[in-house]
Amino acid sequence: MGESAPAPIPPTAPGVEGGVVADNKEELAPGFDGDTRREPGATAGPGQVALELSGVIKHFPLRRRTAVALDGVDLTVEKGEFVSLLGPSGCGKSTVLRLLAGLEKPTAGRVRMHGRPPAALVKEHRLGIAFQHHALLPWASIAENIALPFRAAGRPVDRARIAELLRLTGLEDFAEARPRQLSGGMCQRAAIARALVLNPEVLLLDEPFSSLDAVTRRRMNIELARIWSEQRITTLLVTHDVEEAVLLADRVLILSGRPGRVRHVEQIGLRRPRSSRLTREPEFHETVDRLTALLDSDIAHARADEGSTARSARRWLRGRG
């Protein structure tokens, strides 16, 4: 279904420096079944695979050059697994999520959800998404906002399902309230309820709590952990917060700086259900410290590369002067 191209683009194509291809003279192909290299440990376990990126490369055109956002990314998420995706800013975390949501197409490689292109699950309304901003309709009640996916799918509104999610998210007393009458955390809970209302097979979360204060964010992490433990939906969370990633996930994947590649996979063996008490345990902090050190080293390396690029640019400009 339009996912084939004449020839693969190699992950380290000539002319690629610092995630940018110079002299981009050809229109990039929309995506194909190409390079299927695997990063060690990047696969899920022996269970049924729900999400899969195989040899994924993603380029974005920038006038006469092309930015390389992802370079040969391989990852899988099992059915019913919760995976967190970490990495420095600009490493392609949200691009991974947008590829899985069908909002972008890979330049090369393959993206599958339950063995099919993402568009198939989107068309069948089996995919739930929550972004950084709740995007609730300001003129509609919380209950009507949660009901919106039923109307978009042309289905009868299931009031029992809405009531169940209002209870699950602790919003049963605010069903008739408008978004402006609620706190940011409550609006994000409503957004998650809306993402869950059609019983999706996959839940994609793009930093849904990034705009909240630290206290509210911790509370929402615990709420999401509780909601997930009841629903057990295959979930991919994009986040910058290491503690959030560790608290919620079965596995944490770290992407390298641009271009993004799977650099490290951490199996999280912390017991479930997870509560705030867990965040005070030594094992939790050891895991957080280890992953933070990996991120810090990658950020330092990226800054060194940026500094080198900037110095080269200044030398080039001086030469032209």
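In which helix is Glu-286 found? The answer is helix H8. This is a predicted model, and Glu-286 is a good place to start a short tour of its surface charge and backbone details.

**A negative patch**

Together with Glu-243, Glu-283 and Asp-289, Glu-286 forms a negative surface patch. Helix H8, which spans residues 282-320, gives the most to this patch, with three residues.

**Cis peptide bonds**

Moving on to the backbone, the peptide bond from Arg-258 to Pro-259 is cis, with omega near 0°. Pro-259 sits in the loop that links strand E10 (251-255) to strand E11 (262-267). Another cis peptide bond connects Arg-272 with Pro-273, and its omega is about 0°. Here the proline, Pro-273, belongs to the loop between E11 and H8.

**Positive phi values**

Two residues deserve a friendly glance at their phi angles, set out below with their loops.

| Residue | Phi | Loop |
|---|---|---|
| His-114 | about 50° | between strand E6 (108-113) and helix H2 (118-123) |
| Arg-232 | near 55° | between helix H6 (214-231) and strand E9 (234-238) |

His-114 is not a glycine, yet its phi is positive. Arg-232 likewise has a positive phi in a residue other than glycine. Is Arg-232 buried or exposed? Arg-232 is partly exposed, because its relative accessible area is 45%, and partly exposed covers the range between under 20% for buried and over 50% for exposed.

Definitions and conventions. Residues are numbered from 1 along each chain as its sequence is written. This is a predicted model: local features need pLDDT of at least 70, side-chain atom pairs count only at pLDDT 80 or more; totals for chains, interfaces and linings use all residues. Side-chain values use heavy atoms; hydrogens and water are left out. Patches are made of residues with over 30% relative accessible area and no salt bridge: like charges are joined within 9 Å, nonpolar side chains (Val, Leu, Ile, Met, Phe, Trp, Tyr) within 5 Å. Accessible areas come from the Shrake-Rupley method with a 1.4 Å probe; for residues, only the protein chains shown count as cover. A salt bridge is a side-chain nitrogen of Lys or Arg within 4 Å of a carboxyl oxygen of Asp or Glu. Lys and Arg count as positive and Asp and Glu as negative; His and the chain ends are not counted. The place of a charge is taken as NZ of Lys, CZ of Arg, CG of Asp or CD of Glu. Helices (H or I, at least four residues) and strands (E, at least two) are DSSP runs, numbered from the N terminus. Buried means under 20% relative accessible area, exposed over 50%, partly exposed in between (1.4 Å probe, protein chains only).
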